[in-house]
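Q: Could we go through this structure together? I should like to begin with one helix and then turn to the aromatic rings.

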Amino acid sequence: ISHETIYQYIWRDKANGGSLWTYLRQSPKRRRKRYRAYDSRGRLADKRHISERPKSVEARRYKGHWEIDTVMGHSTTHCIVTLHERKTGFVQIGMLKDRTTASLNKRTISLIKREPDSFKTITADNGTEFHQYKLIEQETNVRFYFATPHHSWERGSNENTNGLIRQYLPKGTSMKNLTQQQCDAIAKSLNTRPRKRLNYKTPEECFYDL
């Protein structure tokens, strides 16, 4: 049985007055239509679709393949960028003064350069803040791929990580005074949390092969 079938059952239960949806980890999250939806955001030519990504990335066979996203505060002015490594679950968080491509690129490049040998690919959604991705590729030699519009489950690891980050930065929280040091502290907390899928090792232990 697929995860999509389970979710459809849960949402039907909710429509009929049931309470199963309240047990989801991110139950308050509003559900968007997932199929046949037109992507009204800016289109980008020549971007690589996720289907072109090596199959080993999906299988989490090797370290170095990341997913990227932005998480908003109570306004569109201040936000953060999150980078999640698929094999180990290791996360990096960067503070952004705004959601422009310039700010996104500058912070992403600085995060990549912390561990330059541990980045091979990055998979993003179709947000306009990623439209200058080629500049990141030129600066770091990291190859970008893009998920199908409105298919958030294609980047499920990053989506789950963002849900965990919301425990530290709940929706509606102002990120105006958030510092990079605070972002690093949140990332450290997540990276030192043992994970069942890692045989109860931490992402930090697995990422650095400790």
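**A helix and its surroundings**

A: Among the elements that cover the buried residues of helix α5 are β1, β2, β3 (91-96) and α6 (180-191). Please keep in mind that this is a predicted model.

Q: How many of the residues of α5 are buried?

A: Helix α5 spans residues 156-165, and 8 of its 10 residues are buried, so the helix is mostly covered.

Q: Which ones are they, the buried residues of α5?

A: They are S157, N158, E159, T161, N162, G163, L164 and I165.

Q: Now the rings. How many aromatic pairs does a search of the whole structure find?

A: The search finds 8 aromatic pairs. One of them joins Y133 and F144; this pair is tilted, with 5.7 Å from centre to centre and 40° between the planes.

Q: Why is that pair called tilted?

A: Planes under 30 degrees apart count as stacked and those over 60 as edge-to-face. The 40° between Y133 and F144 falls in neither group, so the pair is tilted.

Q: Where in the chain do Y133 and F144 lie?

A: Y133 belongs to helix α4 (residues 133-140) and F144 to strand β5 (residues 143-146), so their pair ties together parts that are 11 residues apart in sequence.

Q: Are Y133 and F144 buried or exposed?

A: Y133 has a relative accessibility of 2% and F144 one of 0%. Buried means under 20%, so both residues count as buried.

Q: Which pair does Y133 form with F146, and what is its geometry?

A: Y133 and F146 form an edge-to-face pair, with centres 5.0 Å apart and 70° between the planes. This pair links helix α4 to strand β5 across 13 residues. F146 is buried as well, at a relative accessible area of 2%.

Q: Which residues form an aromatic cluster?

A: W66, F90, F119, F207 and Y208 form one cluster. In addition, K63 lies over the face of F207, at 4.7 Å from the ring centre.

Q: Where does the charged end of K14 sit?

A: The charged end of K14 sits over the ring of W21, 4.2 Å from the centre of that ring.

Q: A change of topic: where is T77 found?

A: T77 is in the loop between β1 (65-72) and β2 (79-85). With a relative accessible area of 39%, T77 is partly exposed.

Q: And what does T77 touch?

A: Leaving aside residues up to four places away in sequence, T77 touches K97, D98 and R99. The C-alpha atoms of T77 and T100 are separated by 9.2 Å, although these residues are 23 apart along the chain.

Key. Residues numbered from 1 in each chain as written. Predicted model: local features only at pLDDT ≥ 70, side-chain atom pairs only at ≥ 80, totals over all residues. Heavy atoms only, no water. Helix = DSSP H or I, 4+ residues; strand = E, 2+ residues; numbered from the N terminus. Buried < 20%, exposed > 50% of the residue type's maximum accessible area, 1.4 Å probe, protein only. Contact = heavy atoms within 4.5 Å. Phe/Tyr/Trp six-rings, centres within 6.5 Å; stacked < 30°, edge-to-face > 60°. Lys NZ or Arg CZ within 6 Å of the ring centre and 35° of its normal.
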